[in-house]
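Colleague: I should be grateful for a close look at a single part of this model, explained for a first-year student.

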Amino acid sequence: MNEFSIDGIILLMGFFLLSGVLMTKLTSRAGVPALVLFMILGMVLGSDVSGLIYFSDAHLAQTIGIVALIIILFEGGLQTEWKNVRPVLGGASVLATVGVIMTAAVVAIAAHYVLGLGWLESFLLGSIVGSTDAAAVFSVMSGQNIKSKMSSTLEMESGSNDPMAMFLTVAFIEWLTLPNFSIGNLIVNFFVQMGLGLVLGLGLGYLASIWMNKIKLDASGLYAVLSMGFAIAIYAVTSSLGGSGLLAVYVAGILIGTRELNHSHAIFRFHEGFAWLMQLIMFVILGLLVFPKELANLDLIWKGLVLSFILMFVARPIAVFLCTMFFKYTFKEKLFLSWAGLRGAVPIVLATFPLLAGVPDPYLYFNMIFFMVITSALLQGSTISNVARWLGLEAPATPKRIHQLELISMDKANAEMLEVEISANSPFLDQKVQTLGLPKETVISAIIREGKLVMPTGRTKLQAEDVLFILAAKEQVPKVKLVLADENGFE
């Protein structure tokens, strides 16, 4: 990397943050996934275009990528609604395991004939690109009104299929580089990694949720930092014991997200912003690692287009239709799942593994994977909402989940503030505040309507998109959520 003064580094950091936020606004309007512009930003800042930054440290890029994935997967788990995930758990789990293997196998067969690679090298490339990407899926799906069954399946699959792709990638690298490689050990390692990842994710996640409620900290913001520390620790402990750290982090995030937490509003908002920051850093770093001159190769372009076409229109649909044949998905739903299998940062991070493992011609894997990811993100990511509309899988705008807002210090006040948004199809529309049936020691302290503050009385009628701020005693919070269960998806 070029030498910069301290002021220059600070200026560059500010530029990254400001441009990242502006890009998310631009991409939401244009329908282009933010990851594409982040990677393009990295490529522009790199040595081949502007020459501002020279970066070729694959080990550092891999480390940053894995840390970012920990934060992104944990945040994805926190935001996952167990009530929505439970009905699709079987189908999503099969897609996250068997689906990755099927996708990798089809891409490997294509790579063998298109690129002329040996079978092991072809399966290595297929394994790298075999999984959908959590960062891409979470960021794209968050802005879409798509039926809960579809969004939950995709989010659950993308959050849990990274361990399988990483396992296959490492396995084929070892097969290529280690003379005493054993398939028997490979099978045993698979069950050990997945089993430990699941068990430790549940166990450590449960312990973390207890600690987060028991410990008394001076500032509410520290609870968000504490949760991030737990996420990183869960990954490290699980990986050091031979389990899948990424699976453990995602499972722990889901479990913690279903628990009643003190300072949950601060924790959720912190991780939402921090996950976006890690996405920005990760995609820019991966963009810096690419040399555009190497991509501007006609042979690479046409072969990359062929493999991208096979991935999107052959490998992914085969995996989806076969893996969901025993689950209750309609033909249109299977079509949508086939199209929405976005590739993103995970394949690019995995593509750095051959660079560090001494595999012959490692940049072929990296450049080909990068090309396939860009193609997938541009074509699939920008058309997801249109495809959902075409297939009739759009859903009405859904209200945000109930948030608990801290009153100065939750440790000193025996009360909580709940934030509830009224949907357009709510049973409470045109209903008076005094008839909602809220428990005692509960009051609607304010309503935000069309950006303006409304001070409610008992006769105030609720309207669509009203945001209610409900002040309740701590012991009444579960009862308030029970009353508003249908409105906000709580049981």
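At 1.5 Å a residue, what distance should the 26 residues of H5 span, and how far apart are its end C-alpha atoms?

Modeller: The model before us is a predicted one. Helix H5 covers residues 89–114. Its 26 residues, taken at 1.5 Å each, should span 38 Å, and the end C-alpha atoms lie 36 Å apart, so the two values agree. H5 nevertheless bends, by about 40 degrees, at valine 98. Just beyond the helix, glycine 116 adopts a positive phi of about 70 degrees.

H5 also has a partner, helix H9, which comprises residues 162–177. The axes of these two helices approach within 8 Å and cross at roughly 40 degrees. H5 and H9 are therefore classed as oblique to each other, and their crossing is right-handed. On the H5 side the contact involves Ala96, Thr97, Val100 and Ile101, which meet Met164, Ala165 and Leu168 of H9. A general rule helps in reading such a list: an α-helix has 3.6 residues a turn, so residues three or four places apart point the same way.

Helix H15, residues 298–323, may be set beside H5. H15 has 26 residues and reaches 36 Å from its first C-alpha to its last, close to the 38 Å expected. A kink of about 40 degrees is centred on leucine 311 in H15. At the N-terminal end of H15, asparagine 297 acts as a cap, with a side-chain oxygen 2.9 Å from the backbone nitrogen of aspartate 299.

Two other helix pairs may be set beside the pairing of H5 with H9. Helix H10 (residues 183–214) and helix H11 (residues 221–240) have axes that come within 10 Å and cross at roughly 155 degrees. This angle makes H10 roughly antiparallel to H11. Their crossing is right-handed. Among the residues that meet there are Leu200, Leu204 and Trp211 in H10, and Phe230, Ile234 and Val237 in H11.

Helix H3 (residues 58–79) packs against helix H13 (residues 264–288) at an angle of about 150 degrees, with the axes 9 Å apart. H3 is thus roughly antiparallel to H13. Here the crossing is left-handed. The contacting residues include Ile64, Ala68, Ile71 and Glu75 in H3, and Phe268, His271, Ala275 and Met282 in H13.

To return to the part requested, H5 has a bend of about 40 degrees at valine 98, and H5 crosses H9 obliquely.

Key. Residues numbered from 1 in each chain as written. Predicted model: local features only at pLDDT ≥ 70, side-chain atom pairs only at ≥ 80, totals over all residues. Heavy atoms only, no water. Helix = DSSP H or I, 4+ residues; strand = E, 2+ residues; numbered from the N terminus. Expected span 1.5 Å × (residues − 1). Bend = angle between axes of the 7 residues up to and from the residue. Polar contact = N/O pair within 3.5 Å; in protein donor to acceptor, adjacent residues only side chain to side chain. Axes fitted to C-alpha atoms, helices over the stretch in contact; angles between N-to-C directions. Parallel < 35°, antiparallel > 145°, perpendicular 65-115°, else oblique. Left-handed = near helix turned anticlockwise from the far one by under 90°. Contact = heavy atoms within 4.5 Å.
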